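Here are a few exercises on helix packing and charged pairs. Try each task before reading its solution.

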Amino acid sequence: MQHLQSASRRTFLSHSAKITAGSALLAAGMASAAQHSPASDACNNANRIHQISVDHYRLRNVRLEEGFEQQDGDIVATRTGLWQLEIKQGKIISITEMSHQHNDALPVFDAEGGLLLPATRDMHIHLDKTFYGGPWRAPLPRKGKTIMDMIAREQVLIPQLLPTSQQRAEAIIGLLQSKGTTVARSHCNIDPVSGLKSLEHLQRALEKHRGDFSCEIVAFPQHGLLHSQVEGLMREAMQMGVQYVGGLDPTNVDGAMEKSLDSMFQIALDSQRGVDIHLHETSPAGVAAIKYMIKTVAENPALKGKVTLSHGFALSTLNGNELNNVIEGLSAQQFSVASTVPIGALSMPLPALSEKGVLVMTGTDSVVDHWSPFGTGSMLEKANLYAQLYRLSDEFGLTRALAIATGNVLPLDDHGKRQWPAVNQEAEMMLVDASCSAEAVARIAEVKATFHRGKLVFGSLQRA
């Protein structure tokens, strides 16, 4: 669900125009094209593969980051080189220089110099209710509409979406893969209108992609846990294999902050699940809810490290000691924060959260639905937005911005030592058209291939 104060947000347009090539380069390209015959093009296409049918292979000509280059004490560039990876049963089992000769009969594929980066993670999305995959449909006007108005609107809309919700969820999964995402966390409506149908449809969609996409599910009481009286349905959802108990604005929607949060946490404790709550409230009630959640987790150690605060816009209203104390509380109880990196009059303290050890994640929220039409499915775009908002325009800052899109996995540590990829790590990765991760973030690099546990799930490779 999107930020309800959308009227205060600026539209983010991140796509940069490409520079037209000069006449000399054009002439060279034409000459090169003239040398290619239809037969050679057909041969090249025949050597390209769109899936890998073996679970043990070698990937050559992979561009990996090797370290930072400095000038006058500043990091000004990222050094890269070409390497080869051996993948077996979804894991990286060796990383060797290109000059190393292997005397084996493994299938070999050519990455053609593409930059290898960790696959991205969409940690806040609603796969169950979307317009994507169907005819274009913009949201209805929202000016002057309260959250209760939006809930009433959704009660009419959900039955219209249910017949195609599985197919549309699968369409978004394909989109996410094309943008480099292989792992997601999807919120799924649990409401009186759809009952458990939305969940059933989403689970069927995910089952069809079990081998190429990983997704956790949050049972989300979009119409209010107390307001729509769905505690029983929420408990049923837990029995259906859902990983997280969701919640929503306990004051603005449920009208009883402590009772709403207590109910949510009790379901989590009883079912031994985590919690992921939507909290949009920017009033003092939102701050009070965050403090109450910190207190509740401190009193219930079984919840420590298992609570995600999604959106958490109330944090943007705090400053000074009060903000520091709240962030320290979130860190002490090992909360994570899922943010769509909103643009608006109030700025979320995302860097401060990260500095204090709070895991900050990002997500699409929606691609196009009745809340917003602006999603692209690209987590690299979210990293780009993060870098712009928090002024990370230099080489080092851009490389650090990637972390919000990858679950804090970065090729180089802060000192420039390579930490990813490494032997025995899962082959959860993407090839992008960029010279280094800083360029990939700044230019929102095109994804050429996506791998989930070593399996090629998007794009193509050249047979070596």
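**Exercise 1. Describe how helices H4 and H5 pack in this predicted model.**

Solution. Begin with the geometry: H4 spans residues 165-178 and H5 spans residues 197-208, and their axes lie 8 Å apart at an angle of about 45°. Next, classify that angle. Angles under 35 degrees count as roughly parallel, and 65 to 115 as roughly perpendicular. H4 and H5 are therefore oblique to each other. Finally, add the handedness: the crossing of H4 past H5 is right-handed.

Now list who touches whom. H4 contributes Ser 165, Gln 166, Ala 169, Glu 170 and Ile 173, while H5 contributes His 201, Leu 202, Arg 204, Ala 205, Leu 206 and Lys 208. Sorted by character, the residues of this contact are five nonpolar, three polar and three charged.

**Exercise 2. Find how Glu 170 and Lys 208 are paired, and say whether each is buried or exposed.**

Solution. Recall that side chains of opposite charge can pair when their charged atoms come close. Here the closest N and O atoms of Glu 170 and Lys 208 are 3.5 Å apart, and the two residues form a salt bridge. Then place the partners: Glu 170 belongs to helix H4 and Lys 208 to helix H5, so the pair ties together parts that are 38 residues apart in sequence.

For accessibility, the cut-offs are under 20% for buried and over 50% for exposed. Glu 170, at 17% relative accessibility, is therefore buried. Lys 208, with a relative accessible area of 57%, is exposed.

**Exercise 3. Repeat the analysis for Arg 210 and Glu 207.**

Solution. A salt bridge joins Arg 210 to Glu 207, with 3.3 Å between the closest N and O atoms. Arg 210 has a relative accessible area of 59% and so is exposed. Glu 207, at 44%, is partly exposed.

**Exercise 4. Which parts of the chain does the pair of Lys 356 and Glu 328 tie together?**

Solution. First confirm the pair: the side chains of Lys 356 and Glu 328 meet in a salt bridge, at 3.7 Å from N to O. Lys 356 sits in the loop between helix H10 (350-355) and strand E14 (359-362), and Glu 328 sits in helix H9 (residues 320-332), so the bridge ties together parts that are 28 residues apart in sequence. Lys 356 is partly exposed at 39% relative accessibility, and Glu 328 is partly exposed too, with a relative accessible area of 40%.

To finish, look for shared partners: salt bridges join Arg 58, Glu 86 and Asp 104 into one network. The structure holds 17 salt bridges.

Methods. Residues are numbered from 1 along each chain as its sequence is written. This is a predicted model: local features need pLDDT of at least 70, side-chain atom pairs count only at pLDDT 80 or more; totals for chains, interfaces and linings use all residues. Side-chain values use heavy atoms; hydrogens and water are left out. Axes are lines fitted to C-alpha atoms, for helices over the stretch in contact, and angles run from 0 to 180 degrees between N-to-C directions. Helices (H or I, at least four residues) and strands (E, at least two) are DSSP runs, numbered from the N terminus. Angles under 35 degrees count as roughly parallel, over 145 as roughly antiparallel, 65 to 115 as roughly perpendicular and the rest as oblique. A crossing is left-handed if the near helix is turned anticlockwise from the far one by less than a right angle, and right-handed if clockwise. Contact means heavy atoms within 4.5 Å. Ala, Val, Leu, Ile, Met, Phe, Trp, Tyr, Cys and Pro count as nonpolar, Asp, Glu, Lys and Arg as charged, and the others, Gly among them, as polar. A salt bridge is a side-chain nitrogen of Lys or Arg within 4 Å of a carboxyl oxygen of Asp or Glu. Buried means under 20% relative accessible area, exposed over 50%, partly exposed in between (1.4 Å probe, protein chains only).
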